[in-house]
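Dear colleague,

Here is the structure I said I would pass on. My notes on it follow below the model.

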Amino acid sequence: MVSTHNRQWHLASRPTGEPTADDFELTEETIPEPGPTEVLVRTAYLSVDPYMRGRMRDSESYADPWPVGEPMRARAVGTVVESNHAAFEAGDTVSGNLYWA
């Protein structure tokens with residue numbers, strides 16, 4: 001049975017010092033249907049890298065800070081579950097900058 005819900009980790013607050021569990025919120029969202037040229041991916045692996053700490057801060061950096069309340073993002077590897085994109089089929093292995101979901 002395919003789930004219709006997706007768990008996502010959101011940045012709940014900007015960490016002061018080392019991030020703690022209180023800086024993140026696990027939510028459950030309804031999985032939207034992929035739009036034109038979009039794919040639905042089941043995540044298998046997520047990266048957790050030092051650069052992410054800088055993205056949690058609200059300060060000038062080489063990359064914009066992540067908005068509080070939004071899903072975290074990371075390099076990820078997953079499998080295409082459903083595709084509306086000509087270059088991808090269900091079952092393809094893909095990687096990209098995806099949500100922590």
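The largest nonpolar core in this predicted model has 8 residues. Its members are Leu 11, Phe 24, Met 52, Met 56, Trp 66, Met 72, Ala 74 and Trp 100. Of these, I looked further at Trp 66. Leaving aside residues up to four places away in sequence, Trp 66 touches Leu 11, Met 52, Met 56 and Met 72, among others. The contacts of Trp 66 also include Tyr 51 and three arginines, Arg 14, Arg 55 and Arg 73.

Next, the sheet. Three strands form an open sheet in the order E3-E4-E5, with antiparallel pairing. Strand E3 (39-46) and strand E5 (93-99) are the edge strands, each paired on one side only. From one strand to the next, the twist averages 50°.

Strand E4 covers residues 73-83 and pairs with E5 in the antiparallel sense over 7 bridges. E3 and E4 also run antiparallel and are joined by 7 bridges. Thr 79 is a useful place to start when tracing the register: Arg 42 stands opposite Thr 79 in E4, and the bridge partner of Thr 79 in E5 is Thr 93. Elsewhere along the E5 pairing, Ala 76 has Gly 96 as its bridge partner.

Gly 17 lies in the loop between strand E1 (5-11) and strand E2 (24-30). Is Gly 17 buried, partly exposed or exposed? Its relative accessibility is 44%, so Gly 17 counts as partly exposed, since that class runs between the 20% and 50% cut-offs. Gly 17 and Trp 66 are 49 residues apart in sequence, and their C-alpha atoms are 17 Å apart in space.

On annotation, UniProt has an unreviewed entry that places the feature "domain: Oxidoreductase N-terminal" at residues 7-100. Over residues 7-100 the chain is 40% strand and 6% helix. The C-alpha atoms at the two ends of that stretch are 8 Å apart.

Last, confidence. The protein chain has a mean pLDDT of 91, and 98% of its residues reach 70 or more. Among the elements of the chain, E4 has the highest mean pLDDT, at 95, and helix H1 (residues 51-56) the lowest, at 86. As a rule, predicted coordinates should not be read in detail where pLDDT is low.

Regards

How values were computed: Residues are numbered from 1 along each chain as its sequence is written. This is a predicted model: local features need pLDDT of at least 70, side-chain atom pairs count only at pLDDT 80 or more; totals for chains, interfaces and linings use all residues. Side-chain values use heavy atoms; hydrogens and water are left out. A nonpolar core is a set of buried Ala, Val, Leu, Ile, Met, Phe, Trp, Tyr and Cys residues joined through side-chain atoms within 4.5 Å. Buried means under 20% relative accessible area, exposed over 50%, partly exposed in between (1.4 Å probe, protein chains only). Contact means heavy atoms within 4.5 Å. UniProt positions are given in the numbering used here, feature names are shortened, and annotations may be inferred rather than shown by experiment. Helices (H or I, at least four residues) and strands (E, at least two) are DSSP runs, numbered from the N terminus. Two strands pair if DSSP finds at least two bridges between them. Axes are lines fitted to C-alpha atoms, for helices over the stretch in contact, and angles run from 0 to 180 degrees between N-to-C directions. pLDDT is the predictor's confidence in each residue, from 0 to 100.
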